[in-house]
Amino acid sequence: MTGVFSLLPEGRPGLLLPHGEAGPGTGPSGAGPGEDLGRYLARGGYAPLPDPDALLDRVAVAGLRGRGGAGFPAAVKLRAVRDAPGRCVVVANGEEGEPGSVKDRWLLRYRPHLVLDGLRLAAAMTGAARGWVYLSDDHAERAVRRALAERPAEPAAEPTAEPALDVVRTEHTYVAGEESAVVRRVDGGRALPTAKPPRPFESGVGGAPTLVANVETLARIALIHSRPDAAAAVAAGHLVTLSGRGGADGATALLEVPAGTRLKVLADLAGHGAAEAVLLGGMFGGLHGDGWPDLPLDHDGLRAAGAALGCGALHFLHPGDCPVAVATEAAAYLAAQSARQCGVCVSGTGALATTLAAVARGATDDDPVGKLRRWSGQLPGRGACGLPDAAARVVTTLLDRFPDPVDAHRDGACPACARPAPEDGRRFRVPVP
Ligand code: SF4
């Protein structure tokens, strides 16, 4: 997927991001973080919006779904905020908690005008007078602040006033991008999820109806506005982060592909064709072995297969990678990232992690596998955010789909685990160029 309606540079099917710290200055323009305003304007950026409702209808017809993880229809969310009583506000959510995802930070660093354009369009469609870009990344903040300073004050013939936009920094944690955590942080508190209801669209920042929209969703809204002829293709595109130790030239890949692309095609594009399994959705979609190459990259198809697309991060397991070790590391990472404010999460996610670690060490006392099965069935939906659900799905999919490696650990005979695995999530952390 390339061309002027693509989020990635023209003429390239995707970016290959080298392992190691490439750092700023290696972006698509070669000029460091940021985006050339002149080029963006020449491609139709910041075009006037004479009829916000017409754009909202176009977003609905195109079938755009949110890119933060849940895949909720973008137009439904926009309308809910627009129709809520009181003056609303908008937030561009660029805080990606999944350690295996780079797309949101990449967009903020290298396409900040595209994101800001989408944010001002979202403000116009909902009637918001204020908005924020929510982020934790230093390079992204620099690029966004520069873009804010240079963006056109008010597009010609604009019937709606430009919203006042600013940046809100947050800490980088797994839960900081959850939408109620975003609201709490913009209000000056810590980025911790809150109980729902109310949802942000009902009562968010300062009590106002609040649209919290992922930055890729906003970027696609901007492209749907500037390229109405390509609206369906724009809405169908997904940015995906592909990682795993067998990638092409040791690289992590950020690709833009149409919904429905088979995972095997993705793996081949990024040098993961030899992979035997995949961890989907960052950590939210669980582990998948037999049959994974034929799975389609879309929310409904993956849900039907007991998986989840989440933020579009895929971590491939190659020969020699043990799924028990990967699941153990993922569960430990999630337990460590618990915000420790819901009892069921503190005790449940922690118990999953420690018991799975015991299974990985070969422990058999007190039926640890039976406990894992029982607890992972009880946890989903019981925390204020989706972290316990992610931990439960990792465990459930491991037990259901990888019985042989689990048995090998019980017998102390896993050949892949002769060397100790990292225990703090390092396997999943990939750099942004
Ligand atoms: S479920 Fe866990 S991570 Fe989520 S808010 Fe509750 S304690 Fe925090």
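Reader: By class, how many nonpolar, polar and charged residues does the shell around the ligand have?

Author: Happy to help! Keep in mind that this is a predicted model. The ligand has 13 residues around it. Sorted by class, that shell has one charged residue, three polar ones and nine nonpolar ones.

Reader: Where does the ligand sit, and which residues come nearest?

Author: The ligand's place is the largest cavity. Of the 13 residues around the ligand, the ones that come nearest are Ala339, Gln341, Cys342, Cys345 and Cys385.

Reader: Which helix gives the largest nonpolar core its largest share?

Author: Let's start with the core itself, which has 54 residues. Ile221 and Ile224 have the most contacts inside this core. The largest share, nine residues, comes from residues 112-126, which form helix α5.

Reader: What is Ile221 in contact with, leaving aside its neighbours within four places in sequence?

Author: Ile221 is one of the residues with the most contacts inside the largest nonpolar core. Beyond its sequence neighbours within four places, Ile221 is in contact with Gly118, Leu121, Met125, Leu55, Val59, Leu64 and Leu78.

Reader: Is Ala308 buried or exposed?

Author: Ala308 is found in a loop, between α11 (299-304) and β10 (313-317). Not counting residues up to four places away in sequence, Ala308 touches Leu280, Gly281, Phe284, Gly285, Leu302 and Arg393. Its relative accessible area is 11%, and buried means under 20%, so Ala308 is buried.

Reader: How far apart in space are Ala308 and Gly71, C-alpha to C-alpha?

Author: In sequence, Ala308 and Gly71 are 237 residues apart. In space, their C-alpha to C-alpha distance is 9.8 Å.

Technical notes. Residues numbered from 1 in each chain as written. Predicted model: local features only at pLDDT ≥ 70, side-chain atom pairs only at ≥ 80, totals over all residues. Heavy atoms only, no water. Near = heavy atom within 4 Å. 1 Å grid on protein atoms, 1.4 Å probe; cavity = no way out; pocket = protein on both sides within 12 Å on 5 of 7 lines; lining within 4 Å. Sits in = over half its atoms within 2 Å of the grid points. Nonpolar A, V, L, I, M, F, W, Y, C, P; charged D, E, K, R; others polar. Core = buried A, V, L, I, M, F, W, Y, C linked by side-chain atoms within 4.5 Å. Buried < 20%, exposed > 50% of the residue type's maximum accessible area, 1.4 Å probe, protein only. Helix = DSSP H or I, 4+ residues; strand = E, 2+ residues; numbered from the N terminus. Contact = heavy atoms within 4.5 Å.
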